[in-house]
Amino acid sequence: MIRGFSTRVTARNRFCIAVSTAILTAVAVSAYVLALSPQGLNPIELLSLPLFGLLFGWVAFSFSTSTLGFVELLQDGSVSSPPLALDDQILDPDARTAILMPIYNEDAERVFQGIRAMIHSLRDTKQLSQFDFYILSDSTDVEVWLSEEIAWKALIESESDVRVFYRHRPENKARKAGNIAEFCERWGADYAYMIILDADSLMSGKTMVEMVRRMEAHPKWGIYQVPPVPIGRLSVFARMQQFAAAAYGSLAVRAFDTWAGEEGNYWGHNAILRVEAFLSHCDLPVLPGKAPLGGEILSHDFVEAALMLRGGYQVRLATDLGGSFEECPTTIQDYAIRDQRWCQGNLQHSRLLISEGFRPASRMHFASGVFAYAASPVWLAWTALCILAMLWHRTFESGLTISLTGKTEVSPQTSSSLSIALFIVAMSFLLLPKLMSLSAISLQGKASEFGGGLRLWASGLVEMALSVLLSPLMAFYHSRFVITTILGRRVKWNAQERNENGVTWWFASRQFGLMTLAGFAATASMLTLEPSWLPWFLPIVTGLVLSIPVGVLMGSKRVGLLLRHVGLLLVPAETKPPKVWQTHQEFCGKVKVCEPTPSLLNRFIREPELFHLHQFILKTTDSIVEMSVHDGKAIEAAYGLGGAENIPAKMRRSLLLDASVMRALHTEAVLAS
Amino acid sequence: MNPPLNEAEGTMDAAHGQNLSTVETLDSPFVRTLVDRYLSVFETNEEARAQWASGLIFEAGDRLAGQSVDRQIRFVTQRCIEVAEDLHQSGLSQRAVPREKRRTMSPTACPPVSRFLNPFK
């Protein structure tokens, strides 16, 4: 059953959340003022007031939406994805769907085996013929590019009943968004829908068929996002994220849906889009000004969703569909690298936040994205102001203060109690949604999917403890990212590290050394100046002081496996592995891992089959780019002198794009063989 | 990816000991082996490959009459690559990306900053 909010229900939910957030924030701010009042508010405390209001408002908003989501979830009766009961209804032949896999310097074997697993899953639905696959490569690494061509050839030979197309874009223009836009402009007219995937995405055939069905049933849906669940990684950090997504994801998704409704958001992959609507409304504007905040839009998904809504279509979130998976970073460092890209992308949206023409819900999505990162520096600034304010009081005693409480007398004891209460409430607002999720799973009898009730709750505690340890590290990372972005430092958008190589002590020391020192310095200062402050800052300084061992522990696959062995951080994908994932693992296990080797260029020049495969792809996808005669001669000379290895690295990409020069080298190779 | 030697065994024996620098006539075992080995990846029929070799040798002799053997062999090699390309393309033609139906995305100008929302105005 498709759950759909009416506009009226969405409006009611928004009203409830807004009122609840406003009341909770107002009460908290009043309590904050009272807590600070015994000595009157000094100017620094006054400065901290709006920051506190902003931070608490954010927490209160999350808590309010989660609570509403929890109520909805219990009423609805489904916590995790129910099995889909697909009938044999055949999809309309006109509802042709292209499944797009944009890739950029990824492990080709892994990507293509994923596609193969999805082909097998779609074949099981008997509706495979409705789908075509497009592998849209933007790879700039020559060896990776050539390994993709080999992997594509192997795939089409093994799966002869499905149309899998491969094209490599000569120029990596506008990144992933440009990659997809190019597909739309060249082949989009052939398809009613496109399912966008990421290089690490996996979707079950049933889910993809159901996505098409729902788009067919709702002509006003422009984007339908199926939240991806991270699976398959083994490090502690990855398993912690996987558990969080599996255990708290349903509630988070439902909470989001309660207020977003038909004005939802798009996360860039594992979603189906209406091609015609996308072509008509989702061309990305170029932002005025220079990068990093101006220029090409980096995080395209939020903007495309906003443009789709502006075009009169709905953007929906699937709250009841499973079968949508992805992989997550396995170390704090990899997570931070990804976050830095997202941070820059999201901060760029601040320009659109105040632009004309967007719906209020889209502005809310932009604001959420911005504040997801901006909250950290705000929090650090507020913490710093609190410390300064206390030092001010020690220095100036009761002078230079302003009373906001009028004649209301606040005793020091009341003030202290209020401070403790505020702390407890704020922590509860952060932790209660997690407890609600665990309760919902238990109440719905789904705990067995997490290894049983005891293990579910124990895993929850482990996850929460690790989250507390990680929070200050993430806050420092995010603050650094926000500051460097505002200062104009650009981020290189490289391929994501998908191997589980772990973290060495040396690497962790370099990575977290400064944070550790900061933690020790803060602890020592407090012990010297005011030991009574330490308990308040313990959650922060503990994470900082322990950041090096925490970094090593989080990246450890061995400890992750140990946790799995004892049944901690188990997720449904481990207790009941999804078939499409099992198939993927099986395929990946069977093939020899195709690591890019420096010899591929040489092989493509020398070996007739590979040479012609490359020429075929270049010609049929209209991707030939001729180089200058001078460069062509230089490459031929270099090849004549020392073979492929002698061709300068920076010229290899141009060589592969020029069919004539490749042919000239191939001729020489044949004659020399 | 080179063709298995046994497919061109007969001509390989005859070409034994020859290389490009020692070939004196175009219609030599060396040239026939070269064509046969190259096309064997794309054409499994040995007879058809032999016919291609004869055809290419004839074409080179006809079009480059009087020119050096070296040049003629190069011509045969280039034509052989072209033939292989056709054979390869016909085998994979149904795997080529579909014919394009060009559509341009309706351009979106960057929306101006709202007069009501811009905090700097």
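In which helix of chain A does A:Pro50 lie? A:Pro50 belongs to helix H2 of chain A, which covers residues 43-76. The model is predicted, and what follows describes its two chains, A and B, starting from this residue.

A:Pro50 counts as exposed because it has 12 C-beta neighbours inside 10 Å, and a count of 12 or fewer is the cut-off for that class. Its C-alpha atom is separated by 8.8 Å from that of A:Val29, a residue 21 places away along the chain.

**The two chains**

Chain A contains 25 helices and 10 strands. Its C-alpha atoms fill a box of roughly 95 × 60 × 55 Å along the principal axes. The radius of gyration of chain A is 27 Å, which agrees with the value near 26 Å for a compact globule of 673 residues. Chain B has 4 helices and 0 strands, and its pattern along the sequence is α-α-α-α.

The table sets out burial and contact range for each chain. The last column gives the share of contacts joining residues at least 24 apart, among contacts between residues at least 6 apart in sequence.

| Chain | Residues | Buried residues | Contacts joining residues at least 24 apart |
|---|---|---|---|
| Chain A | 673 residues | 47% | 86% |
| Chain B | 121 residues | 24% | 52% |

**Strands of chain A**

Strand S2 (residues 131-137) and strand S3 of chain A pair in the parallel sense over 6 bridges. Within this pair, A:Tyr134 has A:Phe165 of S3(A) as its bridge partner. Helix H4(A) completes a right-handed β-α-β unit with S2(A) and S3(A). S3(A) is mostly covered, with 5 of its 6 residues buried.

An open sheet of 3 strands in chain A has the order S5-S10-S7 and mixed pairing. Strand S5 (202-203) and strand S7 (229-230) stand at the edges of this sheet; each has a single partner strand, so one side of each is left without a neighbour in the sheet. S7(A) and strand S10 (residues 324-326) of chain A run parallel and are joined by 2 bridges. A:Val229 is bridged to A:Phe325 in S10(A).

**Buried helices of chain A**

Helix H9 (residues 300-310) of chain A is largely enclosed by the rest of the structure, because 10 of its 11 residues are buried. Among them are the charged residues A:Asp301 and A:Glu304, along with A:His300, A:Phe302 and A:Leu309. The cover over the buried residues of H9(A) includes helices H5, H8, H11 (350-353) and H12 (360-396) of chain A, together with strands S6 (221-225) and S9 (314-317). After H9(A) comes A:Gly312, which has a positive phi near 95 degrees.

Further along chain A, helix H24 (residues 649-657) has A:Ser654, A:Leu655 and A:Leu656 buried. What covers these residues includes helices H4 (142-158), H22 (608-620), H23 (629-642) and H25 (659-672) of chain A. H4(A) is thus part of this cover as well as of the β-α-β unit.

**Nonpolar cores**

The largest nonpolar core has 177 residues, and the residues with the most contacts inside it are A:Leu100, A:Met101, A:Ile115 and A:Ile195. Helix H7 (residues 236-260) of chain A gives the most to this core, with 16 residues. Leaving aside neighbours within four places in sequence, A:Ile195 is in contact with A:Thr97, A:Ile99, A:Leu100, A:Met208, A:Met211 and A:Ile272. A second, separate core has 19 residues and includes B:Val31, B:Val35, B:Ala60 and B:Ile73.

**The contact between the chains**

How many residues of chain A are in contact with chain B? The contact involves 39 residues of chain A and 35 residues of chain B. On the chain A side, strand S3 (163-168) and helices H5 (175-187), H8 (275-281), H22 and H25 each supply at least two residues. H22(A) gives the largest share, 7 residues. By type, the chain A side divides into 19 nonpolar, 11 polar and 9 charged residues.

Several of these elements also appear in the descriptions above. S3(A) belongs to the β-α-β unit, H5(A) and H8(A) help cover H9(A), and H22(A) and H25(A) help cover H24(A).

Technical notes: Residues are numbered from 1 along each chain as its sequence is written. Chains are lettered from A and ligands numbered from 1 in the order in which they are written. This is a predicted model: local features need pLDDT of at least 70, side-chain atom pairs count only at pLDDT 80 or more; totals for chains, interfaces and linings use all residues. A residue is buried if 20 or more other C-beta atoms lie within 10 Å of its own, exposed if 12 or fewer, and partly exposed in between; C-beta atoms are placed from the backbone. Two residues are in contact if their C-beta atoms, placed from the backbone, lie within 7 Å. Two strands pair if DSSP finds at least two bridges between them. A crossover is right-handed if, with the strands pointing away from the viewer, the path from the first strand over the helix to the second runs clockwise. A nonpolar core is a set of buried Ala, Val, Leu, Ile, Met, Phe, Trp, Tyr and Cys residues joined through C-beta atoms within 7 Å. The radius of gyration is taken over C-alpha atoms; the globule rule is 2.2 Å times the number of residues to the power 0.38.
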